[in-house]
Each structure stands twice: as C-alpha cells, then as structure tokens.
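User: Hello! I'd like to go through this structure with you and ask what stands behind each label.
Analyst: Gladly; let's put it on the screen and start.
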Amino acid sequence: SAVVVSDGRHTPLQQILRQPLLAVLPRTFGGPLLDRLMRVVETGVADSGEITLTADGLDRQFQAVVSRLDDGVSIWFMDITERKRIEATLREQIHFWNELLDAIPVAIYFKDAQGRFLGMNRALEWLFDIDRRTAIGLTSTQVFANGYADVHVERDRELLSRPSRQSYEMEMPLPDGTPRTLYYSKASMTDAGGAVTGMIGVIFDTTERKVLERRLEDAKDAA
C-alpha cells in the first residue's frame, strides 16, 4: 500500500517506516495534528477531530483519531470528504426548503408520529403569535393553553393512526380572542413503506372571504 507524504505524492509504505512523523505527513496536517498528538501524550486521553489536506489545489477532509499506546501513539485517518460534501448539500437543501416555506403566505406546519411539531413557517408564527424556536418539539396542547387545540388534537389522532386526509373549516377565535374563520387541510406523512411518520397541515385564513359572502347575502336579502 501507499500513503500521501509531505510533498503530496503517494509513497510506498516501506519508505516511510521509522521516519519522523512530521517528515511523513503532509504539511497541512502538521500543525493541527501535532497539537492533538501533544495533548494525547501529556494527558493519555484519546483525541479526535477533522483535518483538511490540500494537495494539487484540492481540499480533502479527514477524521483523525490519536491514541496513546504503551510504547508510542497510534494515529488513525479516515477520508470523510464525500461525507462532508453530502452534508453540505443537505444543509443547502434544508436552507432552500425553509426559505421556500417562509415565502408561502399561508400557515404550514408538520408534526412527527407523536404529534410534536417538527417545523412550521413564518405565516403560522404570525397567525398564532408563537415562536417556532420554542414550539418545535412540543405538542399542540403544550403550545396552546386553555384547551384551545383540543378539537384539532382529536382529528390529528386519526391522521397519525392511518394514512388519510382531512379538510374542514371552523369559526374560532385565535388564542388572543380575535374571531377568525380558518380552513384546515391536513394529510398523513408516510415513509417509503407506507407507514405513517407524521402529518402536515395547511391553514387558510378565510375570515375576509366569509365576511364578504355574508355581506353579499345580506345585500341580496335586502334587494
């Protein structure tokens, strides 16, 4: 087998045996790895972390684990470049979907199989005057006091028990007492095997439309 040495070339393993560590490792490894190495030698406690190697203008990430032995130290490397690339791609995708949800002007939320909020968009925060940073991880009954969410919790149980959909409109005040008419559209979330993993809900505030409909009806009756 071969390893990458300080000049960035692949060198047969036999040529680096018994060579000084810093003469063998790539220069970009030297400083960070030496710091870990000295801590392990002094404390005897194993140390691990990520190290970047730059060779031929390209960066590669490695997970390094340093442990002390009775007669020296062991250093273990794993190339995690591809894993880090996938993680960065996933972070960008999550960021995109969060921005997309926040740009939608209707309230959207989703919950896990236990009915705990996994996420919500800014429109839902504004509608119910809640903060997603404190609401995520909690159930509706924990977020909304005085039994406000009870009627929805009962409906949610059906969605979480089997794949299904619901839609209904309700006239109900917001938690601050403001009267509103809200239209709910909900559906179970499932995995690739069809098992229910949670639910997603969309809430449309139809108050102004209902007010306009009543005015039109009153005008017809008066005509």
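User: Which residues have the most contacts inside the largest nonpolar core?
Analyst: They are Leu124, Phe128 and Ile203, in a core of 23 residues. One note before we go on: this is a predicted model, in which local features need pLDDT of at least 70 and side-chain atom pairs count only at pLDDT 80 or more, while totals for chains, interfaces and linings use all residues. Residues are numbered from 1 along each chain as its sequence is written, and side-chain values use heavy atoms, with hydrogens and water left out.

User: What makes a set of residues a nonpolar core?
Analyst: The members must be buried Ala, Val, Leu, Ile, Met, Phe, Trp, Tyr or Cys residues, joined through side-chain atoms within 4.5 Å. Buried here means under 20% relative accessible area, exposed means over 50%, and partly exposed is in between (1.4 Å probe, protein chains only). As a general point, nonpolar side chains tend to be buried together in soluble globular proteins.

User: Which helices and strands each supply at least two residues of the largest core?
Analyst: The strands are β6 (107-112), β7 (117-120), β8 (165-173), β9 (179-190) and β10 (196-205), and the helices are α4 (122-128) and α7 (150-161). Helices (H or I, at least four residues) and strands (E, at least two) are DSSP runs, numbered from the N terminus. The protein chain has eight helices and ten strands. Apart from the largest core lies another, of six residues, including Leu33, Leu37, Ile51 and Ala64.

User: What does Ile203 touch, leaving out residues up to four places away in sequence?
Analyst: Ile203 touches Val106, Ala107, Tyr109, Leu124, Leu127, Phe128, Leu182, Tyr183 and Tyr184. Contact means heavy atoms within 4.5 Å.

User: How do you know that β9 and β10 pair?
Analyst: Two strands pair if DSSP finds at least two bridges between them. β9 and β10 have nine bridges, in the antiparallel sense, so they meet that definition. They also form a hairpin with five residues between them, and Gly194 in the turn has a positive phi of about 95°.

User: Which residue in β10 is the bridge partner of Lys186, and which one stands opposite Tyr109?
Analyst: Gly201 is the bridge partner of Lys186, and Gly201 also stands opposite Tyr109. β6 and β10 pair in the antiparallel sense over six bridges.

User: Why is Thr181 called buried?
Analyst: Thr181 has a relative accessible area of 5%, which is under the limit, so it counts as buried. Thr181 is in strand β9. Leaving aside neighbours within four places in sequence, Thr181 is in contact with Glu169, Met170, Glu171, Phe204, Asp205, Thr206, Thr207 and Lys210.

User: Why is Arg162 called partly exposed?
Analyst: Arg162 has 43% relative accessibility, which falls between the two limits, so it counts as partly exposed. Arg162 is found in the loop between α7 and β8. Leaving aside neighbours within four places in sequence, Arg162 is in contact with Ser188 and Val196.

User: What makes Asp112 and Arg116 a salt bridge?
Analyst: The term asks for a side-chain nitrogen of Lys or Arg within 4 Å of a carboxyl oxygen of Asp or Glu. For Asp112 and Arg116 the N to O value is 2.8 Å, so the pair qualifies. Asp112 is buried, with a relative accessible area of 11%, whereas Arg116 is partly exposed at 35%.

User: Are the two partners in the bridge between Arg132 and Glu125 buried or exposed?
Analyst: Arg132 counts as buried at 18% relative accessibility, and Glu125 is buried with a relative accessible area of 13%. Their side chains meet at 2.9 Å, N to O.

User: How do you know that Glu87 and Arg83 form a salt bridge?
Analyst: Their closest N and O atoms are 3.3 Å apart, which is within the limit, so the pair counts. Both lie in helix α3, four residues apart, about one turn of the helix. Glu87 is partly exposed at 28% relative accessible area, and Arg83 is partly exposed at 37%. Glu50, Arg83, Lys84 and Glu87 are linked in a network of salt bridges. A search of the whole structure finds 17 salt bridges.
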